[in-house]
Amino acid sequence: MRPATDELPVRYDRLTMSLHWLTALLVIGLFACAQIWEQLPKGTPLRKELQALHISFGILLAVIVIARVFWRLFKGRRLPAANRGVMNILAKTAHLALYALLLSQIVLGFLLRWAQAEPFNFFGLFDVPTLIAFDKSMKSTFGGLHEQVAWAIIILATLHAVVALVHHYGLRDNTLRRMLPGRVSN
């Protein structure tokens with residue numbers, strides 16, 4: 001039996017919020033890092049350092065996204081839909097698309113790195129083993145897909161943020177507050 005409306009939680013649990021905001025920060029940081037190193041000459045120390053950070057933070061993103069999926073499927077707090085009808089369908093579709101793009105990006109990142117046939121590690125703590133060997137000619141294919149998916153994530157995540165702000169400032173509802181840490185206030 002479902003609890004009465006006034007008994008339902010009004011916000012997501014702390015772990016859900018933390019994983020959401022960590023994902024957002026990592027996506028922005030990874031994208032910015034890649035955009036910056038593209039402006040630097042190949043072989044420069046800063047470019048190589050940014051690429052190493054990108055790889056390590058990408059691995060961290062993989063762990064966080066996988067944790068988010070499992071948490072959402074099995075334990076995360078369920079809230080009633082913030083919207084009804086078409087708006088609810090669009091919100092669910094956008095969330096599903098973001099998860100699919102993030103998971104695709106993670107897979108593409110590993111495939112790209114393995115196609116480059118260069119060793120890589122996680123913040124220098126341990127090496128990531130090569131699970132699949134590719135011909136180096138696949139590097140450009142995986143690289144192109146990795147970049148296209150990155151842009152798709154940035155565009156969809158920006159739209160997600162804009163819609164959250166529209167809910168908050170335009171519609172003046174609690175949609176954004178459900179994902180913000182802090183005290184509950186209605």
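Hi everyone. Let me start with one term: a contact here means heavy atoms within 4.5 Å. With that in hand, look at the model, which is a predicted one. Take the contacts in the protein chain whose separation is 6 or more: residues 24 or more positions apart account for 72% of them.

Now the overall layout. The protein chain has four helices and two strands. Starting at the N terminus, you would read the elements as α-α-α-β-β-α. Along its principal axes, the C-alpha trace spans about 60 × 30 × 30 Å. The chain has 186 residues, and 32% of them count as buried. As for the surface, about 12,400 Å² is exposed, with carbon and sulfur atoms supplying 67% of that area.

Let's turn to a pair of helices. Two packed helices are described by the angle between their axes and the distance between the axes. Here, helix H2, residues 45–74, packs against helix H3, residues 85–116, at an angle of about 145°. The two axes are 10 Å apart, and the crossing is left-handed.

Which residues in H2 and H3 meet? On the H2 side, they include Ile 55, Ile 59, Val 65 and Arg 68. On the H3 side, among them are Tyr 99, Leu 102, Phe 110 and Arg 113. Sorting the residues of this contact by kind gives 11 nonpolar, three charged and no polar ones.

Just before H2 comes a loop that links back to helix H1, residues 14–37, and Thr 44 is found in that loop. Is Thr 44 buried or partly exposed? Its relative accessible area is 22%, and buried would need a value under 20%, so Thr 44 counts as partly exposed. If you'd like to get a feel for distances, find Leu 156 as well: Thr 44 and Leu 156 are 112 residues apart along the chain, and their C-alpha atoms are separated by 32 Å.

Last stop, the aromatic rings. The structure holds eight aromatic pairs. One of them joins Phe 134 and Phe 142 in an edge-to-face arrangement, with 5.0 Å centre to centre and 75° between the planes. The two partners are covered to unlike degrees: Phe 142 is buried, at a relative accessible area of 9%, whereas Phe 134 is partly exposed, at 25%. There is also a cluster to look for, in which ring pairs link Phe 57, Phe 122, Phe 123 and Phe 126.

That's my tour, thanks for listening!

Conventions:
Residues numbered from 1 in each chain as written. Predicted model: local features only at pLDDT ≥ 70, side-chain atom pairs only at ≥ 80, totals over all residues. Heavy atoms only, no water. Axes fitted to C-alpha atoms, helices over the stretch in contact; angles between N-to-C directions. Left-handed = near helix turned anticlockwise from the far one by under 90°. Nonpolar A, V, L, I, M, F, W, Y, C, P; charged D, E, K, R; others polar. Buried < 20%, exposed > 50% of the residue type's maximum accessible area, 1.4 Å probe, protein only. Areas by Shrake-Rupley, 256 points an atom, 1.4 Å probe, with all protein chains shown as cover. Phe/Tyr/Trp six-rings, centres within 6.5 Å; stacked < 30°, edge-to-face > 60°.
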